[in-house]
Amino acid sequence: MSEKEEKNAPVAESAVDSKRGISSVLPKQNAFQRLVHRRNDLNELGKGMLEQSLQYDRAQLEADAVKVRWKLDLIVLPMMMCTYMLSFLDKQTLNYSNAYGLQADTHMTGDNYSWVASALYFGWLCGAWPWNLLLQRIAVGKLVGGMLFVWGIVCMLQATVFNFGGFFAIRFFLGMLEGCISPAWVILTSMLWTRREQTMRSSVWLCTNGVSNILGALLAYGSGVAEGLSIAQWKLIFLIVGALTLLWGFVIVLYLPDGPHNAKMLNEYERVVAVWRISNNQIGLKDSTIKPYQIKEALLDGKCYLLWANAIAIGILNGAVTNFMSAIIKGFNFDALRASLMQAPGGAFEIVGCLILGWISQRPNMVGVAIVLGCLPGIAGLVGILTIPIENRYALVAMCWLQNVVGSPIVLSWTVPGLNVAGHTKRTTVMGIYFVCYVVGNIIGPHLFLSWEVPRYPTAIKGLLGTYCAVALIQGLYTLWCWYDNKQRDKMGMHAEAVEEELLEGFDDLTDKENKHFRFKL
């Protein structure tokens with residue numbers, strides 16, 4: 001072949017593309033098309049890094065793995081925490097603004113507020129499945145960073161609306177944009193930490209919801225006492241939170257890694273160690289190839305339906321607690337300022353609950369138990385709201401604080417698909433449907449509260465009690481099923497601890513059913 005012919009010959013986009021027979025001649029694409037269609041297959045890269053790590057002394061790898069874990073915990077985890085805190089604060093802005101005349105200024109009547117509260121979840125519902133597909137193909141850090149810019153702007157736009165329709169539309173788009181963050185963090189956590197470590201790290205980044213509750217309550221209180229403003233107090237809350245989100249986007253775009261392979265805080269050797277650390281997860285890093293048989297397997301896997309049922313239940317709990325806590329506390333004869341301030345201790349309850357139950361979940365075979373234990377404070381609080389005399393309003397508020405502990409079983413439930421579903425197309429399918437179900441539950445939750453039942457809302461409280469019990473029952477059944485499957489694999493003589501060849505097998509994109517060395521986390 002002449003030099004000219006060689007120069008003009010089509011070149012495969014990557015070695016992975018050549019092996020899979022993908023056409024090497026690519027049509028001309030614009031920037032967005034290149035972003036969407038770019039291949040983000042990290043399994044081949046991860047497999048090569050794992051093979052490289054096996055050349056080193058195991059004792060040295062184990063010692064260096066501790067240093068790598070500390071770097072990830074002290075640098076990446078705080079970035080995830082701050083991002084998730086801002087994401088939740090964006091969602092909570094409606095709850096805090098409601099105490100300062102938002103409904104009157106925007107001419108909301110009847111159940112308009114409930115529908116505005118649900119609008120965010122209608123948007124999330126529309127975005128849940130597409131986001132999961134994009135996350136399989138696009139770098140996690142860059143996608144989340146870009147979305148931070150957009151949803152910060154949309155959050156600030158809430159200060160410009162003046163009627164129910166405008167507010168519904170803005171909240172819809174806010175929910176659609178923010179729908180990427182939860183599945184993105186589940187995926188990134190599974191790429192950077194071991195299966196034993198994931199539940200605690202997930203609990204840590206979600207416990208920032210509690211920090212958000214505290215900061216949001218203080219922000220709402222500060223906005224309430226501010227005088228001489230040229231804009232309504234409720235608008236100030238949206239502008240401050242939106243601006244903070246927008247600025248934080250620069251940090252995420254510049255510094256958040258997309259996985260262990262490009263973590264800027266690690267040197268080249270430490271990245272190899274980071275891949276070796278998570279190789280025993282038996283799920284690899286990422287494979288963007290859509291495999292129809294894995295979609296079919298997900299739809300025929302009975303355990304997946306238990307996960308999806310649980311997603312609806314915890315969604316109902318989250319939707320109720322997130323959107324109506326301010327209204328419930330205000331109904332106990334507190335003014336708007338005091339109602340805002342009284343929500344702050346609930347954030348502390350969530351932080352403590354997430355950290356304690358996250359620690360428990362790290363113990364052997366305790367993930368399911370931790371989820372069930374996380375339901376008990378909420379059940380106790382709901383019983384208290386129904387039975388404590390209305391005169392004891394501070395005791396009633398304390399019962400409301402207990403509802404914030406629900407954040408722990410929520411995030412632990414989110415981690416289960418990342419822990420127990422292998423095969424990237426299968427996991428994308430399961431997580432996509434999972435978050436669709438979760439959002440459906442969030443839409444249902446606020447509508448359990450009937451405006452004429454203030455302040456105890458007995459219909460809603462009884463419905464939430466039944467939902468907590470359903471979460472505990474479904475999780476118990478799921479854990480029992482996983483235990484049975486593990487025992488069956490043990491009887492077949494398959495190793496639970498992978499040897500070198502089996503570690504490499506984890507990067508072959510096998511599902512949890514195909515890989516008999518895979519063990520379900522209980």
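**Notebook: helix 5, two spaces and a ring pair**

I began at the N-terminal end of helix 5, where aspartate 57 acts as the cap: one of its side-chain oxygens lies 3.3 Å from the backbone nitrogen of alanine 59. The model I am reading is a predicted one.

**Helix 5**

I then looked up the extent of helix 5. It runs over residues 58-97, which makes 40 residues. From first C-alpha to last I noted 55 Å, close to the 58 Å expected at 1.5 Å a residue. I also looked for bends and found a kink of about 40 degrees in helix 5, with lysine 91 at its centre.

**Largest cavity**

I searched for enclosed space next. The structure has six cavities of 30 Å³ or more. The largest cavity holds about 280 Å³ of space. I listed 25 residues in its lining, and Phe88, Asn209, Asn318, Thr322 and Glu350 are the closest to the centre.

Which helix gives the most to the lining of the largest cavity? I found that it is helix 5, with six residues. I noted that at least two lining residues each come from helix 5, helix 12 (208-225), helix 16, helix 18 (344-361) and helix 21 (407-420). Sorted by class, the lining of the largest cavity has 12 polar, 11 nonpolar and two charged residues.

**Second largest pocket**

I turned to the open spaces and took the second largest pocket, which has about 320 Å³ of space. Its lining is made of 16 residues; closest to the centre of the pocket are Gly110, Asp111, Ser114, Phe449 and Ser451. Two elements give two or more residues to this lining, helix 7 (112-137) and helix 16 (302-330). Helix 16 is thus entered twice in my notes, for this pocket and for the largest cavity. How many residues of the pocket lining are charged? I counted one, beside nine nonpolar and six polar residues.

**Aromatic pairs**

My last search was for ring pairs, and the whole structure gave 19 aromatic pairs. I looked at one of them, tryptophan 124 with phenylalanine 435. The ring centres of tryptophan 124 and phenylalanine 435 are 6.4 Å apart and the planes stand at 25 degrees, so I entered the pair as stacked. The cut-off for stacked is planes under 30 degrees apart. I then checked where the two residues sit in the chain: tryptophan 124 belongs to helix 7 and phenylalanine 435 to helix 22 (residues 424-444). They are 311 residues apart, and the pair links distant parts of the chain.

Notes:
Residues numbered from 1 in each chain as written. Predicted model: local features only at pLDDT ≥ 70, side-chain atom pairs only at ≥ 80, totals over all residues. Heavy atoms only, no water. Helix = DSSP H or I, 4+ residues; strand = E, 2+ residues; numbered from the N terminus. Expected span 1.5 Å × (residues − 1). Bend = angle between axes of the 7 residues up to and from the residue. Polar contact = N/O pair within 3.5 Å; in protein donor to acceptor, adjacent residues only side chain to side chain. 1 Å grid on protein atoms, 1.4 Å probe; cavity = no way out; pocket = protein on both sides within 12 Å on 5 of 7 lines; lining within 4 Å. Points joined across faces, edges and corners; volume = space filled by probe spheres on them. Nonpolar A, V, L, I, M, F, W, Y, C, P; charged D, E, K, R; others polar. Phe/Tyr/Trp six-rings, centres within 6.5 Å; stacked < 30°, edge-to-face > 60°.
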